[in-house]
Amino acid sequence: MKANILILLLFISFCSYAQQKTFPDFLVTDTIVKLKENAIIISDTGKINLLRSIYNKEPFLSYYQAYGKELITKLDDHYFIDLNQDNQVDYVYYGWAPPCNFQKYLIIAENRNSVYLVRHWREADFINFNINDTSTIFQLLTTGCCGHKYDYINSYCINKKDSIILVNKSDVFWQKSCEPRFPDTIIECNEEIIIIKDSVLLSLFPDVWSVKDLGKIGLSNKYYCKRGNQGIILYSEVNENQKEWYFIRIELNNETQLNERYLYGWICSDDIKLKD
C-alpha cells in the first residue's frame, strides 16, 4: 500500500461520530452523487410501493414493522441500482436510520427475479464508490461502538453478472475513543518483520509494555499476534526509556474474532525480528 493511501486511511480513525458524523475534507466523497447518477428514476408513489414490497419480506419484515414509517419518509435515501449489471435492479438504502445514531445505515439487497435478498445490513459509511463497465467497486468504513475499540475498512468488488456476495477481509484501525497515537509520517522504504514472541498484543502507544498495562487502559476485544505472523514497519521511534518501538501493519493469518486482514499498532523491538 502506498504511503499516501495509508496516511489517508489512518486519519479515518480520527473522525468524530456525532449524530451528523463528518469526515475530514479529503475523505468527503461524491458517493451520493454517484448513487443518484446510477439509480433508475422511480416516482415517489412507485418507490413507496416498491419499498413496501421489499420491507414486507423477511428478513426486512421486523425491521419494517419497527421503523417503516420513518424509512418511507426518507425517499432520497433509497436507491435502485443494477449493482452487478445483470439487468435486474438491486436496492441500496444509505442514510440515517433509527437503529444507529452515530453512523449512517447501509442496506444492500440483491434482486433475484424480483425477490430481494439481503447482502449487507448494518451501520457503515461509504468512503469510495465507483461503477465501470465490468464491475462495481466500493469501500465501507464501519466504526466501532459500545466498547468495541476498532474501526474496520472493507473493500469490495462486484463483477458483472456475479451474485452480490459481500465477503472480504478487513483492515483494522484503532478508533478515536482509545486516543491512539499515530505517527506523523510513514516510512517510504518499509522493512518486513516477523513476530518472535508466542503472543503479542499491539499497543496504541510506543511505551506500553505488557498486557497488564494495556488492561489498565480499559481495552476490550483484544487481537493477539502470534509467533510467525509477518508485517511491515511503517514508522520507528525511541521512547523515553531509550527503547525502540515500531508502528507496524501486521498481516493476520491466525484465527481471530472476525475475518481481518491487517491490524495496525505499536510493537516493541524485543518482540520482532527483521525478515531475512
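Strand 6 (residues 135-142) is largely enclosed by the rest of the structure, because 6 of its 8 residues are buried. The model described here is predicted, and strand 6 offers a convenient point of entry to it.

On one side of the pairing pattern, strand 5 (residues 125-131) and strand 6 run antiparallel and are linked by 6 bridges. The connection between strand 5 and strand 6 is a hairpin of 3 residues. Within this pair, asparagine 128 has glutamine 139 of strand 6 as its bridge partner. Strand 6 also pairs with strand 7 (residues 150-159), again in the antiparallel sense, and here 8 bridges are found. One position in this second pairing is threonine 136, which stands opposite isoleucine 158 of strand 7.

A further sheet is formed by strands that precede these in the numbering. This sheet is open, contains 4 strands in the order 1-2-3-4, and is paired in antiparallel fashion. Its edges are strand 1 (78-81) and strand 4, each of which pairs on one side only. From one strand to the next, the twist averages 15 degrees. Strand 3 and strand 4 are antiparallel and are joined by 8 bridges; among the residues involved, alanine 109 has valine 118 of strand 4 as its bridge partner. In a regular strand, side chains alternate between the two faces of the sheet.

Two helices may be placed relative to these strands. Helix 4 packs on the sheet and touches strand 1, strand 2, strand 3 and strand 4, with a direction that makes about 75 degrees with that of strand 2. Helix 2 (residues 31-38) lies across strand 1, strand 2 and strand 3, and runs at about 50 degrees to strand 1.

The edge strand 4 (residues 115-123) includes valine 115. With a relative accessibility of 41%, valine 115 counts as partly exposed, because that class lies between the 20% limit for buried residues and the 50% limit for exposed ones. Leaving aside residues up to four places away in sequence, valine 115 touches Lys57 and Glu110. The C-alpha atoms of valine 115 and lysine 57 are 8.7 Å apart, although 58 residues separate the two in sequence.

The interior may be considered next. In soluble globular proteins, nonpolar side chains tend to be buried together. The largest nonpolar core in this model has 19 residues, and the members that touch the most others are Leu51, Tyr55, Tyr63, Tyr91, Tyr93, Tyr105 and Ile107. Helix 3 (44-55), helix 4 (61-72), strand 2 (90-97) and strand 3 (100-112) each supply at least two residues of this core. The greatest contribution comes from strand 3, with 5 residues. The surroundings of tyrosine 63 illustrate the contacts made by one such member: beyond residues up to four places away in sequence, tyrosine 63 touches Tyr55, Gly68, Leu71, Ala97, Pro99, Tyr105, Ile107 and Trp121. A second core, separate from the first, comprises 18 residues, including Ile108, Ala124, Phe138 and Tyr156.

Which class of accessibility applies to cysteine 157, and which to cysteine 268? Cysteine 157 counts as partly exposed because its relative accessibility is 48%, whereas cysteine 268 is buried, with a relative accessible area of 3%. The count of disulfides in the model is 0.

How values were computed. Residues numbered from 1 in each chain as written. Predicted model: local features only at pLDDT ≥ 70, side-chain atom pairs only at ≥ 80, totals over all residues. Heavy atoms only, no water. Buried < 20%, exposed > 50% of the residue type's maximum accessible area, 1.4 Å probe, protein only. Contact = heavy atoms within 4.5 Å. Core = buried A, V, L, I, M, F, W, Y, C linked by side-chain atoms within 4.5 Å. Disulfide = S-S within 2.5 Å. Pairing = 2+ DSSP bridges. Axes fitted to C-alpha atoms, helices over the stretch in contact; angles between N-to-C directions.
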